[in-house]
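Student: Hello! I have just opened a structure that is new to me, and I would like to explore it with you. Could we go through it step by step?

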Amino acid sequence: MFQSVVRVVLHTIVHATLALAAVIGCASHAAEISLPQPKGSLVIIGGALRDDNDAVWARIVQLAGGKNARIAVFASASASPERAGNYLIERLNRHGADAFFVPVAEHLDGADVRAAAEDPALAQAVRTAGGAYFSGGDQARITGALRRPDGSNTQMLDALWDMYRRGGVIAGSSAGAAIMSATMFGHPRSVLGTLQHGVADGRQITRGLGFIGDDVFIDQHLLVRGRFARMLPAMLAKGYKIGLGIDENTAMVVGPKRDVEVLGYRGALLVDLSNAATRDGTFNLSNGRLSYLDNGDRFNLDSKAFTPAPEKVHGKLDANKPYWRGPLFSADILGNGTVVDLMSKLIDSDQLDAIGLSLDSPNADRPDLGFEFKLGRVGETVGYQSAFSEAYSVYNVRLDIRPIVVQKPLYQYR
């Protein structure tokens, strides 16, 4: 019933523009490669966006046009699209938007996802909106709904691109963040399993929607699940030099000039493999770079320039006045936030490097294979600390990863 009412209303509103919409939709796909850079923005959320994270919700509405901005809500990834869609509409409207549900979802009762994705009226409503929001869930459901079986764009996907190119905002959380890059995770193994076994195109990694461009890889739920490590094999497999991983309840706002601003509870990790090297055999990496961008920090994807948050501008750390002393080590580098904690201690310590390990269960298929992560301070490494808290920003820490043999038994009782 809900979907029928939506469709009738939308048909009534845009009936007079159907012919124009069809022409624009067909032309946009044919001209996609030659069109100029999008004028819009992306709000890439790492998942678990809380109701009270007003900074992120309000920024989405602002970028969509402010008060009464029309925002199309896609709950395509969700197993319960109508419920997820209603939740998101309520949250966006609470911050001043005029959000509406787009019934393009394979799990929506009584809806034909293929017909909805090709509906000119629905496409025109999205094309003329100020923004779109993609819910979390399974990212493959989003790409499956918005692309035809032959891989070409549906009218709805063309409409999203048109809206983005003229200045609209595309936001997405969790699965809605994964689709932002041209390559996304499909059915990945665990983080450690990804290091041990690698990735296969079409299985562990697959095709995303690519709103951020072809040169940046995106991942989500990053720090809480230690996912920075799984980004590395995927990036190497597809030739990415830059990767951005965003944590939960946090967003990366990417503007039309490719400026990235971190906004929210925690932060984002920037992975730079521009000068990294690997060897054949088990996964290994040398001379990568890791940076932690905290709330308020900025990074430009073209110039690679960092700008710390205003509260940290005058808080550049002095290597001659370290706070932490003595060796830095973690037995679980993939733990919740562990890598950032180790980076923050390293940048404010008397040490030149820090070591973290990742080991598997004795009952796993490769209990003998683990990895050593070595974080190192180099000439371009720099850190900042907030004037009001213990929050750090850490830029350009060297990352080296080596496979290690885990002895059996790993430990014995005393």
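Student: Which residues in helix 3 meet which residues in helix 4?

Tutor: Happy to help, and please keep in mind that this is a predicted model. Helix 3 covers residues 54–63, and helix 4 covers residues 81–94. On the helix 4 side the contact is made by L88, R91 and L92, and their partners in helix 3 are W57, I60 and V61.

Student: At what angle do helix 3 and helix 4 pack?

Tutor: The axes of the two helices are 9 Å apart. Angles from 65 to 115 degrees count as roughly perpendicular, and helix 3 is roughly perpendicular to helix 4. By class, their contact has 5 nonpolar, no polar and 1 charged residues. The packing angle is about 80°.

Student: Which residues of helix 3 are buried?

Tutor: To count as buried, a residue needs under 20% relative accessible area. W57, I60 and V61, which meet helix 4, are among the buried ones. The full list is V56, W57, R59, I60 and V61.

Student: Is A48 buried, exposed or partly exposed?

Tutor: Let's place the residue to begin with: A48 lies in the loop between strand 1 (41–45) and helix 3. Its phi is positive, near 55°, in a residue other than glycine. Its relative accessibility is 47%, and because values between 20% and 50% fall in the middle class, A48 counts as partly exposed.

Student: Which residue with a positive phi follows helix 3?

Tutor: Helix 3 spans residues 54–63, so we look just past that stretch. The phi there is near 130°. The residue is G65.

Student: What is the phi of N287?

Tutor: N287 is found in strand 13, which runs over residues 285–294. Its phi is a positive value in a residue other than glycine. That phi is near 65°.

Student: Which residues does V313 touch, leaving out those up to four places away in sequence?

Tutor: V313 sits in the loop between strand 15 (306–307) and strand 16 (329–330), and it is partly exposed, with a relative accessible area of 41%. Its C-alpha atom is separated by 9.9 Å from that of D297, 16 residues apart along the chain. As for contacts, V313 touches P308 and Y384.

Student: Which two residues does a cis peptide bond join?

Tutor: Look at the segment after strand 20 (392–405), where P409 is placed. The omega of the cis bond is about -5°. The bond joins K408 and P409.

Technical notes
Residues numbered from 1 in each chain as written. Predicted model: local features only at pLDDT ≥ 70, side-chain atom pairs only at ≥ 80, totals over all residues. Heavy atoms only, no water. Buried < 20%, exposed > 50% of the residue type's maximum accessible area, 1.4 Å probe, protein only. Helix = DSSP H or I, 4+ residues; strand = E, 2+ residues; numbered from the N terminus. Contact = heavy atoms within 4.5 Å. Axes fitted to C-alpha atoms, helices over the stretch in contact; angles between N-to-C directions. Parallel < 35°, antiparallel > 145°, perpendicular 65-115°, else oblique. Nonpolar A, V, L, I, M, F, W, Y, C, P; charged D, E, K, R; others polar.
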